[in-house]
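Biologist: Please walk me through how the helices pack and what touches the ligand. I want the reasoning behind each label.

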Amino acid sequence: MLTIEEMRSYQATNDLLKDKVILVTGASDGIGRVAAKVYAKHGATVILLGRDLKKLEYVYDEIEADGGAQPAIIPMNFSSAIPTEYEQLAINIEQEFGRLDGILHSAGILGDLTPLEMYDPNTWDEVMKVNLRAPFMLTQHLLPLLKRAPEASVIFMSSSVGRKARAFWGAYAVAKAGIENLTVLFADELANTSKVRVNCINPQGTRTAMRAKAYPAEDPSQVPPAEQIMPLFLFLMGAESVGVNGKSFDARDK
Ligand code: NDP
């Protein structure tokens, strides 16, 4: 087993994810976009999921221009998705690829940074849908496919406020605390009955649109880009992390 420092500086081989099919949510932007490109660069066929088709097509073109395996696009809006859409998505992946080796759940929204006393319940519901219900529903519906893979990996995205809440982080903090528990629940329930491993990553402050919204006064050039934390994302998706299950990782040491 690697130490956390070794995971964070993991040197993936170019073909680490060769022949693997990996679904990345929130692939149109931020950490998900970078991870989708990095997974494709390491041999994976990546399924790009997001709500904005144009932005997904742009990422698709970037992957093709970079010589990656031809990706696929699945437009889906987690704010409005109904159960049949999740069922159909599983059918589509099964029909088109016949397999699924991993999911990176990167899609997320911040909601409002405001006291609970004045938190808008509609915003609350939307944050819960996108940040907690969608990762649960997606994983649940894709489990039959994941279980058939020789060694599937599911990665959820947490946050520091999911471990220790801070004032004003509202629904986001509550949903991320849910993600920490969802990780352990799936991991424990699947440990003895499947080869699916389930872990989560707290990416910590990373230069994206979400970070800029949460910290508007911050100079983005002082925030590390998503590329810096990709070694951990590669390690957890690749075969060397088989046996790592139910863990929550910080992507950096501070
Ligand atoms: P971004 O805002 O940059 O990207 C979020 C992604 O989620 C985008 O692709 C966005 O699509 C997609 N998305 C948002 N709403 C929906 C929806 N309703 N349906 C489908 N897709 C949707 O965020 P980050 O990359 O910064 O965050 C990625 C993950 O990491 C999140 O789970 C976040 O909570 C977590 N995180 C991030 C930190 C950071 O500092 N950046 C710190 C801690 C945790 P679109 O392009 O259409 O907007």
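**Helix packing and ligand contacts**

Modeller: R33, A36, K37 and A40 of α2 meet Y58, V59, E62 and I63 of α3. Contact means heavy atoms within 4.5 Å. The model is predicted: local features need pLDDT of at least 70, side-chain atom pairs count only at pLDDT 80 or more, and totals for chains, interfaces and linings use all residues. Residues are numbered from 1 along each chain as its sequence is written, and side-chain values use heavy atoms, with hydrogens and water left out.

Biologist: What makes up the contact of α2 with α3, by residue class?

Modeller: Five nonpolar, no polar and three charged residues. Ala, Val, Leu, Ile, Met, Phe, Trp, Tyr, Cys and Pro count as nonpolar, Asp, Glu, Lys and Arg as charged, and the others, Gly among them, as polar.

Biologist: Why are α2 and α3 called roughly parallel?

Modeller: Their axes cross at roughly 30° and come within 10 Å. Angles under 35 degrees count as roughly parallel, over 145 as roughly antiparallel, 65 to 115 as roughly perpendicular and the rest as oblique. So α2 and α3 are roughly parallel to each other. Axes are lines fitted to C-alpha atoms, for helices over the stretch in contact, and angles run from 0 to 180 degrees between N-to-C directions.

Biologist: Why are α2 and α9 called oblique?

Modeller: Helix α2 (residues 30-41) and helix α9 (residues 230-237) cross at roughly 60°. That value falls in the remaining class, and α2 and α9 are therefore oblique. In this contact, I31, V34, A35, V38 and Y39 of α2 face M230, F233, L234 and M237 of α9. The classes are nine nonpolar, no polar and no charged residues.

Biologist: Which label fits α5 and α7?

Modeller: Helix α5 (residues 121-148) and helix α7 (residues 170-191) pack at about 15°, with axes 8 Å apart. So they are roughly parallel to each other. Their contact divides into 15 nonpolar, five polar and one charged residue.

Biologist: Now the ligand. What makes K55 a polar contact?

Modeller: A side-chain N or O atom of K55 is 2.7 Å from a ligand oxygen atom. A polar contact is a pair of N or O atoms within 3.5 Å. K55 therefore meets the cut-off.

Biologist: How do you know that I31 and D29 qualify?

Modeller: A backbone N or O atom of I31 lies 2.8 Å from a ligand oxygen atom. For D29, a polar backbone atom is 3.3 Å from a ligand oxygen atom. Both values are within 3.5 Å.

How values were computed. Helices (H or I, at least four residues) and strands (E, at least two) are DSSP runs, numbered from the N terminus. A polar contact is a pair of N or O atoms within 3.5 Å; within protein, one must be able to donate a hydrogen and the other to accept it, and residues adjacent in sequence count only if both atoms are side-chain atoms.
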